[in-house]
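Reader: Hey, got a minute to walk me through this one? I'd like to get a feel for it before I go back to the bench.
Author: Sure, pull it up and ask away.

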Amino acid sequence: ANPNRREENGVCALHLAIRKKDVKAVEILCKCEKLNKKIENPDGETALEVCLESDTKEHRDIAFIIEPDKRKLLKLKEKSSARLMAEGPKMSTLRTNTLADDILADSPDVDAGSNAFLNRNMQTT
C-alpha cells in the first residue's frame, strides 16, 4: 500500500492519524520507507507543523516520532509560531508554546504499536 495516498478529501494516512491523535499509527507509518513526512494536508501544513501548532500530549509525542532531533523541533516550532503570529489563530484553535519546554525534556517513550489503526482507517490500493 502507498502510505502517501490521499483520500478524496485530500488527507493522507499520516494526517489522519495525527487528526485522531493516534501515536501508535504514526509510529507504524514512520517506519515505512516510502512515507513522505513532508506531505502537506489540504491546508498546506505538514504533519509536523500540525503537531507543533498544538499543545496536546499526543501531538507532542507524535512530533518526537516524526522528528526525534530536539534542535530541529525547536527551530521548526519557532518558524511555526512566527507563521501563526503573522496569520493569526485558525478558526477557534488557540495554540500555545508549551511544546518548546517539552522538546527540551526527554523524548517520550512510545510502545510498539499494532497496525489496527491502518486496518480500520485506510484502504489499500
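Reader: Which side chain does R5 make a polar contact with?
Author: With that of E7; the contact joining the two side chains is 3.2 Å. Keep in mind that this is a predicted model.

Reader: OK. Where along the chain is R5?
Author: R5 sits in the segment before α1.

Reader: And is R5 buried or exposed?
Author: Buried. The relative accessible area of R5 is 18%, and the cut-off for buried is under 20%, so R5 counts as buried.

Reader: How far is R5 from L35 in space?
Author: Their C-alpha atoms are 9.7 Å apart, while in sequence R5 and L35 are separated by 30 residues.

Reader: Let's zoom out. How many helices and strands are there?
Author: Seven helices and zero strands. Going along the sequence, the pattern reads α-α-α-α-α-α-α.

Reader: How much of the chain is buried?
Author: Of its 125 residues, 42% are buried.

Reader: What about contacts between residues far apart in sequence?
Author: Take the contacts with a separation of 6 or more: 70% of them are between residues 24 or more positions apart.

Reader: Now the core. Which residues in the largest nonpolar core touch the most other members?
Author: L14, I18, V26, I62 and I66, out of 23 residues in that core. At least two core residues come from each of α1 (13–19), α2 (23–30), α3 (47–52) and α4 (57–66).

Reader: Why would nonpolar side chains end up together like that?
Author: As a general point, nonpolar side chains in soluble globular proteins tend to be buried together.

Reader: Pick I18, then. What is it in contact with, skipping neighbours within four places in sequence?
Author: I18 is in contact with V26, A47, V50, C51, H59, I62 and I66.

Reader: Switching to pockets: how much space is in the second largest one?
Author: About 270 Å³. The elements giving two or more residues to its lining are α3 and α5 (70–87).

Reader: Which element gives the largest share of that lining?
Author: α5, with five residues.

Reader: And which lining residues lie nearest the centre?
Author: K37, K38, T46, L48 and L76, from a lining of twelve residues for the second largest pocket.

Reader: How does that lining divide into nonpolar, polar and charged?
Author: Seven residues in the lining of the second largest pocket are charged, three are nonpolar and two are polar.

Key:
Residues numbered from 1 in each chain as written. Predicted model: local features only at pLDDT ≥ 70, side-chain atom pairs only at ≥ 80, totals over all residues. Heavy atoms only, no water. Core = buried A, V, L, I, M, F, W, Y, C linked by side-chain atoms within 4.5 Å. Buried < 20%, exposed > 50% of the residue type's maximum accessible area, 1.4 Å probe, protein only. Helix = DSSP H or I, 4+ residues; strand = E, 2+ residues; numbered from the N terminus. Contact = heavy atoms within 4.5 Å. 1 Å grid on protein atoms, 1.4 Å probe; cavity = no way out; pocket = protein on both sides within 12 Å on 5 of 7 lines; lining within 4 Å. Points joined across faces, edges and corners; volume = space filled by probe spheres on them. Nonpolar A, V, L, I, M, F, W, Y, C, P; charged D, E, K, R; others polar. Polar contact = N/O pair within 3.5 Å; in protein donor to acceptor, adjacent residues only side chain to side chain.
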